[in-house]
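Trainee: Could you walk me through reading a sheet and a chain contact? I'd like to go feature by feature.

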Amino acid sequence: MLVFIIKRLAAGVILLLAVSLVAFTLLYIGGGDIARRLLGENATAEVVAQKAQELGLDKPFFAQYFDWLSGAIRGDLGNSWFTSQAVAVDLSSRLPVTLSIVVGAVVLAAIVSVVLGVLAATRGGWIDAVVQFISVIGFSIPNFLIALALVIVFAINLGWFNATGYVTFATSPAGWVASVTLPIIALSLATIATVTQQIRGSVIDAMSRDYVRTLQTRGLSPRIVVLQHVLRNAGGPALAVLAVQFIGLLGGAIVIEQIFALPGIGQLTVQATTLGDIPVVMGVVMITAIIAVIVNLAIDLAQAALNPKVRLS
Amino acid sequence: MFRWKLAAAGVVVGALALTGCAGGGSSEPTADAGGLGEKLTIVGTLSPTSLDAATAGWGNASPFYQAVYDTLLLATPDGTIEPFLASEWSYNEDNTELTLTLRDDVTFSDGSALTSEVVKTNLERFKAGTSPDASFLRNLDTVETPDETTVVLKLSAPDPGMLSYLTRDPGLIASGEAIAADPEGLATDPIGSGPYILDTDKTVTGTSYVYSKNDEYWNPDVQHYEELVINVIPDPTAALNAIKSGEANGVRLANNQNLAEVEAAGWTINAGEINQFGLLLLDRAGTLNPALGEVKVRQAINHAFDREALLTALQKDAGVVNEQTFPPRSAAFDEALNDTYPYDPEKAKELLAEAGYPDGFVLEMPSTASVGTTTFNLITQQLADIGITAQFVDAGNNYVSDILAAKYAAAWIGLEQTGDWQITQFMIAPTATFNPFHYEDDTVNGLLEEMQLGDQDAQDAAAAELNEYILDQAWFAWWYRPQNSYATDANTQVEMLPTNNYPAIYDFQPKN
C-alpha cells in the first residue's frame, strides 16, 4: 500500500510539471498587452513600458517560465500583478471559501443522491418517476439560472439568506450558514442528478444478484440488506463519479462565486484570467491540480477500503 | 431504531433557525450619540492594483485610497479646489513655482508627523513610479523644502492642471516613516493620515476592504461613520442583488440598464456626468486610411450618427447628447455647438462625394466582446446608411492597447472628461495618449501654447477656440455623455463629484 501511494505521488509531481508548462504557455500566448491592461488607458507609453519591465514581461518565454518555476519550487508563487497581494496568501484565504461550498455541495449531493437513488431503485413506481424527473431538471437547467432563482426567492423576497458576500464560520456560524446555503444548493443540483442515476442503476443491478436473494431468504430485513450489503457493492462506481464531480465543481464554482460575490478561488480565477494576472492564474492552476491528484488518490484508497477485490488488484 | 426522517427534519429546522439568527444582510447605518453612522458599506466594480500611494490610480479606485490617505488639496462637489493637507498655495509670476503651506497638526496612523520632506518623498515616488497617472507630474522638475511646512514645486513649464492633480492620486501622501521602513508593505498595508485605517485582518484583498475610524484624525468634520467597508462586486447582476437585498448603502452602477429596478427597491439614483462616448477619428493625416485624412469625410461621419437614437438604444435615454470635447462645466463649452452636426445621412453622402468618395470606403475598427455587440452593430448600420463599410476586428483584451498602438484609423470608446488642460494632454496634444498617430496642427499647437502660458482668462479663451476648432475639423464623432449613476439606500445621502466617477468618501453621510 505504501509503495502504491509513493508511486501515485511521484506520478502526481510529473503531472504538475506538465500542467504548469502547458498553462504558462497558454497564458503567454494569450496574454496580450498586460501592462497596458494593468495601468489603463490614461497611462503613457513610457509608463507602460516601465511597468512591463518591472513585471519581467520583456524577458523571453523560457526565462519567464523558469523564473516562476524556481520560485514555485521554493514555495514562492509570487505576487498578483493586479492587487500586489502574495499569491500564496490570496489562495490560502480564498481556498477555504471555495472548499466550503464545494465540499458542502458534494456532501449534500452524496446524502441526497443515496436517499433518492435507493428510493428510486427499491420502491419503483411513481417514486422512481419523480426521482427521474428531478434528475432531468438537475441536468438540464444551468446552475447559474438556479442560483439566480434562489437569490430572488430566498434572499431578496424572503430575506432568509444572503444574496452576496461570505461570512467566515469563526466570525459567525449563523452568518456562515446564511452565506453558503444557497450557493451549495445551486452547485449541488447537477451532481445530485448525476449521482442519483448512478446509484439507482448500481442498486438495481446489485439487487438482482444471487447474494441479495440469499440474504433475503435468510430473513434479513430489506433495510439491512440495502444499507449494509447492497450499498457497499453499489457504492464503488458512485464514489468514482463523486470524485470526478468534485474536481468539476471546483471549476463550476466560478459562476456561482460570481453570482454570490463569494471571495473564493473561482472569483479570483475569473478576474485573474480576464486581466492576464499570470502569477495568480498559475497559482490557481497548480492548487487545482494538486487537489485533483490528492482527491483521486483518496478515492482509490476509499475504493480499496470498500471492496477487497480492488486491494488485491 | 434510528429515525432518519425525524433527524433530517431536525437538521432543516436547525439550519433555518440559525439563518434567522444571522439577521440577513442589513446595512442600515444608525447614528450613534456623536452623530456618526455605525457602518457605511459601499460597492465598487474593481479593486485597486496596490494600496501604495506611489502607484495609485483614481476613478473607481479612488475610495480605497481616500479612506486611508489625504490629498494635498481637496476637490469639492461644487467644482472648486479647497485646502486640505496644504492650507494655502500660490504660484509665482510665470507659473513655474507652486508654493504649498502644510498644516502643522497632521499625524499619520503610525504616529509620525506630516512634514515638507514627507511630501517631497511622496511626489518624487509618484513621478518615478508606475501609477497610470504618473505622467501628470511630467512637468515637475524638483521639490524644495525650505522649512518643515513649506513645499515648493518647481515646474519645467507651466502646468494648468497641477492644482487639480494634487486633489487626486498624485496628491496622496503616505507616511514617510513607513516608506523608509517598508515601501513594499504599503501595497497591502497603507499608512496614511486619512479618516480611516485599513483593518488588514478583516480585509480580503480583491474582495472586501474594511476600514475603522481613525480616532486621531485632524479633520473629524469629514468623518461620518465608525466603520467603512468597500466590497468589490464586478458582476452587475450581483451588484443589483446586493441593492435589492439591502446588503450595501451605496453602489456605483456599471450601466443604466436597471435604473427603474433600483428605484423600485427604494434606492435613490444620484446622477452625475463624467464620461463621453463616441468615435475617435484618429488618423487625421490619412496614414492608414487616406479617406480619414479628408476633413469632409470626418464631418460626414459626424452627420451619420443619430445621437438621440443611440442614447435611447444604448443608455435608455440616461444621458445627454453631445458633439464637443470639453464638458459643460468648462469655460470652453458652448451649447450652440451641439447643433454643428445634426443627423443627416444625405448631407453626409454629399460631403463624401465632395471629398472624392461618392461610393464610400471601408473603415476598419476594433471591437471587443466585453462591451457586447449592440454598439458595434449600430455603428455598422449607421455608417452603412451613408456608404461606409465598417469592418470590425476583434481585439479582445487588447482593445485599448491596439488603439494606442495606432493599429486603427478610428475606434469607438468612452473617455473621461476631466479638466481642460488634462483633456488636451489626454486627447489633443501631439504627445497625448489618445493621439497615437501624433497628429499635429499649427492652429491647435498655437492654442495649446496660449492655454499653457496665459492667465486664466487667456486660458479660457484659448480653450473655447480650441473646442470649436477641433469640432469643426471633426477630430472626433462624439455621441453623448452618459449618466454616471450612483445608487444610495434610504439611509444614506451623497453628493456627486463633477471631476470623478466615484463620490468622495467625505461626501457620504447617514440620512437622519
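**Strands, a helix and a contact**

Mentor: Let's begin with one strand pair: over 5 bridges, E7(B) and strand E8 (residues 150–155) of chain B pair in the antiparallel sense. Keep in mind that this is a predicted model.

Trainee: Which residue in E8(B) is the bridge partner of B:Thr142?

Mentor: That's B:Lys154.

Trainee: And in what order do the strands of the open sheet in chain B come?

Mentor: To read a sheet, follow the strand order from one edge to the other. Here 4 strands of chain B form an open sheet, ordered E5-E6-E8-E7, with antiparallel pairing. Strand E5 (86–91) and strand E7 (140–147) of chain B are at the edges with a single partner strand each, so one side of each has no neighbour in the sheet. On average, and ignoring direction, neighbouring strands of this sheet are turned by 20° against each other.

Trainee: Which helix lies across E7 and E8 of chain B?

Mentor: Helix H3 (residues 116–128) of chain B does, and it also lies across strand E6 (97–102) of that chain. Relative to E7(B), this helix runs at about 170°.

Trainee: Now the contact: how many residues does each chain bring?

Mentor: For a contact, look at each side's residues, then at the elements supplying them. Chain A brings 46 residues and chain B brings 41 residues. Several helices of chain A each supply at least two residues to its side, among them H2 (34–39), H5 (87–123) and H10 (222–260). H8(A) gives the most, with 6 residues.

Trainee: How do the residues on chain A's side divide?

Mentor: On the side of chain A that touches chain B, 20 are nonpolar, 19 polar and 7 charged.

Technical notes. Residues numbered from 1 in each chain as written. Chains lettered and ligands numbered in written order. Predicted model: local features only at pLDDT ≥ 70, side-chain atom pairs only at ≥ 80, totals over all residues. Contact = placed C-beta atoms within 7 Å. Nonpolar A, V, L, I, M, F, W, Y, C, P; charged D, E, K, R; others polar. Pairing = 2+ DSSP bridges. Axes fitted to C-alpha atoms, helices over the stretch in contact; angles between N-to-C directions.
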